[in-house]
Amino acid sequence: MNSVIYTGFMLFLWAVNLLNGTGLGAAYRTTEYARILLALIALLFLLDKVRKEGGCYVKKRYFFVLLPLVLIFVVVSVFNGHGMMGIDYLWVFLVVFILHNTRPTTATLRLVGMAYAGLGLAILFIYQYTDVLKGWNPNSIAMIGLFSFLVFIIPYYGVRNFRSVVMLSLVGYAYCFLIWPTDSRSCIIAIVAFQVN
């Protein structure tokens with residue numbers, strides 16, 4: 001069951017990442033809805049933890065790390081004239097909490113990696129060969145490609161057999177080829193660097 005939850009959650013994050021900061025995302029308020037959904041999912045995990053453990057306790061060391069982190073987000077935002085905007089970014093830490101509680105298997109990581117690779121290549125292909133994404137920021141498209149590639153290589157970390165090297169090389173080459181028209185040299189360098197390591 002955790003594998004299904006993890007896979008669905010990761011695909012949801014990919015879609016949010018695609019729409020975040022775009023006119024389409026702003027029109028449909030996808031980021032706001034994602035925040036609400038993440039808060040509800042985190043609450044469900046928290047309630048499940050309380051049910052299983054008979055309570056919910058925060059270790060002192062976590063408390064003394066997280067409280068200053070929240071204060072820094074708020075104080076820096078206020079001092080820079082952005083009001084309480086810093087709180088808007090704290091919801092991202094819910095992602096860490098949710099992923100920590102799913103505990104995916106290696107097979108699940110491979111499945112998610114392949115899905116991300118396919119989705120990233122599809123977006124890059126659509127951007128380069130169709131007019132569907134015309135007007136989108138090329139750097140944003142390249143970053144979506146890089147993000148997808150980085151998630152794809154996670155299950156291959158430390159694996160150096162012939163099959164995995166060939167797979168990484170082919171997918172990495174395809175990404176470099178499709179990212180090239182976006183003129184994002186940093187993304188191409190990152191993909192090549194992660195393949196070499």
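**View 1. The second largest pocket of this predicted model holds about 350 Å³ of space.** Its lining consists of 13 residues. Those nearest the centre of this pocket are Val-16, Asn-20, Thr-31, Trp-91 and Val-92. Two or more lining residues come from each of helix 1, helix 3, helix 5 (87–90) and helix 6. Helix 1 provides the largest share of the lining, three residues. Sorted by class, eight residues of the lining are nonpolar, three are polar and two are charged.

**View 2. The largest pocket has a volume of about 850 Å³.** Around this pocket stand 20 lining residues, and the closest to the centre are Val-58, Tyr-62, Leu-66, Phe-93 and Phe-97. Helix 3 (30–53), helix 4 (60–79) and helix 6 (92–100) are the elements that give two or more residues to the lining. Which of the elements gives the most to the lining of the largest pocket? Helix 6 does, with five residues. The lining of the largest pocket has 14 nonpolar residues, along with three polar and three charged ones.

**View 3. Thr-7 is shown in helix 1, with its contacts from elsewhere in the sequence.** Helix 1 covers residues 2–19. Is Thr-7 buried or exposed? The relative accessible area of Thr-7 is 15%, so this residue is buried, the cut-off for buried being under 20%. When neighbours within four places in sequence are set aside, Thr-7 is in contact with Thr-108, Leu-111 and Val-112. Helix 1, where Thr-7 lies, also contributes to the lining of the second largest pocket in View 1.

**View 4. Cys-176 and Cys-187 are shown with their sulfur atoms 9.8 Å apart.** How many disulfides does the structure hold? The count is zero. Why is there no bond from Cys-176 to Cys-187? The closest cysteine sulfur to that of Cys-176 is in Cys-187, and because the distance is 9.8 Å, the two are too far apart for a bond. A disulfide needs the sulfur atoms within 2.5 Å. Seen from the other side, the sulfur of Cys-187 has that of Cys-176 as its closest cysteine sulfur, again at 9.8 Å.

**View 5. The surroundings of the two cysteines are shown, with Cys-176 and Cys-187 both buried.** Cys-176 has a relative accessibility of 13% and therefore counts as buried. For Cys-187 the relative accessible area is 1%, and this residue is buried as well.

How values were computed
Residues numbered from 1 in each chain as written. Predicted model: local features only at pLDDT ≥ 70, side-chain atom pairs only at ≥ 80, totals over all residues. Heavy atoms only, no water. Helix = DSSP H or I, 4+ residues; strand = E, 2+ residues; numbered from the N terminus. Buried < 20%, exposed > 50% of the residue type's maximum accessible area, 1.4 Å probe, protein only. Contact = heavy atoms within 4.5 Å. 1 Å grid on protein atoms, 1.4 Å probe; cavity = no way out; pocket = protein on both sides within 12 Å on 5 of 7 lines; lining within 4 Å. Points joined across faces, edges and corners; volume = space filled by probe spheres on them. Nonpolar A, V, L, I, M, F, W, Y, C, P; charged D, E, K, R; others polar.
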